[in-house]
Protein chains: 2
Amino acid sequence: MVKKRIYLNAFDMNCAGHQSPGLWSHPDDRSSTYKDAEYWTHTAQVLEKGCFDAIFLADVLGTYDVYQGSRDPAVRQGAQVPVNDPAFVVPIMAQVTKHLGFGLTASTSYEHPYTFARRMSTLDHLTKGRIGWNVVTSYLNSAALNIGLDKQISHDNRYDIADEYMDVVYKLWEASWEDDAVIVDKVKGIYTDPSKVHDIEHDGSYYKVPGAHLCEPSPQRTPVIFQAGASSRGRKFAVRHAELVFIGATTMESAKKTVQDFREEAIRAGRKPEEIKILTLITPIVAPTQEEAEAKYDDYKKYASYEGALSLVGGWTGLNLDELDPKEKIQYVNNDAIQSALKSYTEFTVEEVAEFVGVGGLGPVIVGSPTTVANSLEEWVEVTGVDGFNIAYAITPGTFEDFVEYVIPILQERGLVRKSYEEGTFRKNLFGNDYLNEHHPARQHRNSRLPV
Amino acid sequence: MVKKRIYLNAFDMNCAGHQSPGLWSHPDDRSSTYKDAEYWTHTAQVLEKGCFDAIFLADVLGTYDVYQGSRDPAVRQGAQVPVNDPAFVVPIMAQVTKHLGFGLTASTSYEHPYTFARRMSTLDHLTKGRIGWNVVTSYLNSAALNIGLDKQISHDNRYDIADEYMDVVYKLWEASWEDDAVIVDKVKGIYTDPSKVHDIEHDGSYYKVPGAHLCEPSPQRTPVIFQAGASSRGRKFAVRHAELVFIGATTMESAKKTVQDFREEAIRAGRKPEEIKILTLITPIVAPTQEEAEAKYDDYKKYASYEGALSLVGGWTGLNLDELDPKEKIQYVNNDAIQSALKSYTEFTVEEVAEFVGVGGLGPVIVGSPTTVANSLEEWVEVTGVDGFNIAYAITPGTFEDFVEYVIPILQERGLVRKSYEEGTFRKNLFGNDYLNEHHPARQHRNSRLPV
């Protein structure tokens, strides 16, 4: 049996700490320099050295204020606040790399699709086809309030709006400008053939966009679509649109079930299994020997923040765990709209959840020597059927540096990770083609409007 | 009398042609490579070599569709379409320069102030305090339609909304996070002191933003405010907010009157004359000798596009000049809401306007030897009272390269342009201080809420 290539994303965010609340206080952590271009150029170069497929940038537009009914614990612990816009570090990283892909989180709830489509086309041009978009609908009530809503739009309705949002941006990206519309004919003095630029005439329930896209076709047209929806409505959205899917399972058993369910639903939705790569969140802690790795983990745990962890959990689940006794076990509430992270925490005590989240956030930690970690990743792939990993940091860039130095060479030796990149766009590196395939909904829009 | 320093901006846009429609077809023009990072890194480096204060990036979110009642002429001639988002080239240029400022055009009509404030704070962080914001309210009906409006919001109402928009972003930038809120105390494990992060509690006619800013204070807090409003309502807005003002006068006489009127109105509004720099648009065409410069201008004129020029004029004035005979003189319509550019064209024929706009757009062209151009700029400053120039290109980067090679050394020799930059933020280089001064409306918000 030919071994499957393991896809690797680095998971980061334009803030301190990200998935390891409190570890910004570790002497070796540089995440509090997120404001500086130097942090991003260095990290991108480390990842490209390790042949990572992409760096995936999470984002929130609000503050975690469920725990203790206040944002103060999150602010005090720097738990994803302050948080800068992730989009602007992409062109900076693109300038010092040639192949690394970029997965940018952006919400369908807070920007009009017409202006958003231009942002992504611009980034796809500037990165020469290396942009991906992690589609989120936003879950923090605090964000909704600050853009003038009385409260967050309901969960399922957010996805209905998002489905139409996708239709609008797909039409702009795929069905507005023909491939040969822009000719820049200096002799005839024709920049663009106007007969090859088409109005999209979108007139829907939530959006009206009569006109044409503002940008000429970019290398990938539609960015690589990332999605992490885990509720049943979110999964329905993901199987329709996504090319890369992120899951956050705490155990191999739960990851395996999630992968199986997802693949079955994707097939029912008319997608082919190989068209969607599923990556699971993991935080590797690696050192030359097992003992050193375990000592490193013990050291990291000292810096993890209890209230920072429970602040994040509050935002993810909607539950204020300050109302429970730290030794009390969490009960699962069968509410599909609540972030599915909650399922993972059922039957654990508040203290155990805080410890689990304190290093590695939503995902598990793998601790060990280079060979142990490589073996463990290989086992995860074999047992669960995931296509790869979304690598979070305990400290940054240390976790990424360690992984690239110690684990990548072993995975490369085993033929599981590339030793060099192919040329071309991000999608081409993932799937072999620059554009989405013909039966993806984005290309369906294209086929219905443009000559093929 | 000590000579006044001349302030210099380069005027560009994330598209081909910009203010010289059709000149993308000149063999030496590279504006059709606007999609590539290399165009921007090269241009930025040329400008920094010439000690320019800033590069100013124009923008539109629509297509020019008034001329001939169609967007086709603009599309065919590449007249500011296709057009990419200007914001993403800023971090790219910042990475290859140390001092150049960036004036980014962004509209108050199409993005919520809460998310926009984060974008600008992020850019101010990444550029280490070199961001400026050219505040526009958007004038193209085609843009309004595509974000779902039935028609453009009326001119004066757009400015009312913009005034409140400014209040919201000022509160977020100036009055939400105290200077010493973020302490990153690794020993105590405190990232931010929550008692120093304040909700802005904005509850206005157009916006409700109860919460705090998402970003920690950036080097300048509020970006340097650029404005180009020329109508009476626009000027009222500019004298209240602006630090750099752009005018587009076709003659020294009209520039002088505009400067005088503006300064008087600014004083009445409580601003000090030296707090607002006024720059006028100009396109310099320079070569080692007068004859060579004139030959260069004649050559450029051959590539100017008649229908491209009239497409731009259609957008700027709201008038479809295709309805007039090319030899007919344009009559001034006394409609304050129509772009004031129209005033300049009154009493010229359609053909003359097309020729004027064809090279240099809204502003005049200065053609000559290095000394002639330097003398002419000096005369403009003396006669009109402007503080400097917004330099547009006929071809790019050629016009900028010529100016830096031939004219800058003469201006430096005369003590009118710096020979090197001072250290510090964009505002510090312009005005000597990182933050807005205490009586600017932005700082008034600060003073009312934070300890001073």
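**Exercise 1. In which loop of chain A is A:H18 found?**

Solution. The model is predicted, local features need pLDDT of at least 70, side-chain atom pairs count only at pLDDT 80 or more, and totals for chains, interfaces and linings use all residues. Residues are numbered from 1 along each chain as its sequence is written, chains are lettered from A and ligands numbered from 1 in the order in which they are written, and side-chain values use heavy atoms, with hydrogens and water left out.

Step 1. Helices (H or I, at least four residues) and strands (E, at least two) are DSSP runs, numbered from the N terminus. On that numbering, A:H18 belongs to the loop between β1 (7–13) and α1 of chain A.
Step 2. The backbone of A:H18 has a phi near 45°, which is positive although the residue is not glycine.

**Exercise 2. Describe the extent of the interface between chain A and chain B.**

Solution. Step 1. With contact taken as heavy atoms within 4.5 Å, 73 residues of chain A touch 73 residues of chain B.
Step 2. The buried area (accessible area, 1.4 Å probe, lost when two parts are put together, summed over both) is about 6,500 Å², and carbon and sulfur atoms give 58% of this. On the side of chain A, the residues losing the most area to chain B are A:F88, A:N146 and A:Y191, together 12% of what that side buries.

**Exercise 3. Analyse the polar interactions and the composition of the interface.**

Solution. Step 1. Counting a salt bridge as a side-chain nitrogen of Lys or Arg within 4 Å of a carboxyl oxygen of Asp or Glu, one finds 14 salt bridges between the chains A and B. B:D36 and A:K128 form a salt bridge through their side chains, at 3.7 Å from N to O.
Step 2. A polar contact is a pair of N or O atoms within 3.5 Å; within protein, one must be able to donate a hydrogen and the other to accept it, and residues adjacent in sequence count only if both atoms are side-chain atoms. Between chain A and chain B, 40 residue pairs are in polar contact, both residues at pLDDT 80 or more.
Step 3. Elements giving two or more residues to this side of chain A include α1 (37–49), α4 (113–126) and β5 (182–185). The most comes from α4(A), with eight residues.

**Exercise 4. Determine how chain A and chain B are related.**

Solution. Step 1. In general, two copies of a chain are related by a rotation about an axis and a shift along it.
Step 2. Copies are superposed by least squares on the C-alpha atoms of residues with pLDDT of at least 70 in both. Here a rotation of 180° with 0.0 Å of shift along its axis places chain A on chain B, with RMSD 0.0 Å. This is the relation of a two-fold axis.
Step 3. Of the interface residues of chain A, 100% are also interface residues in chain B, so the copies meet through the same surface.
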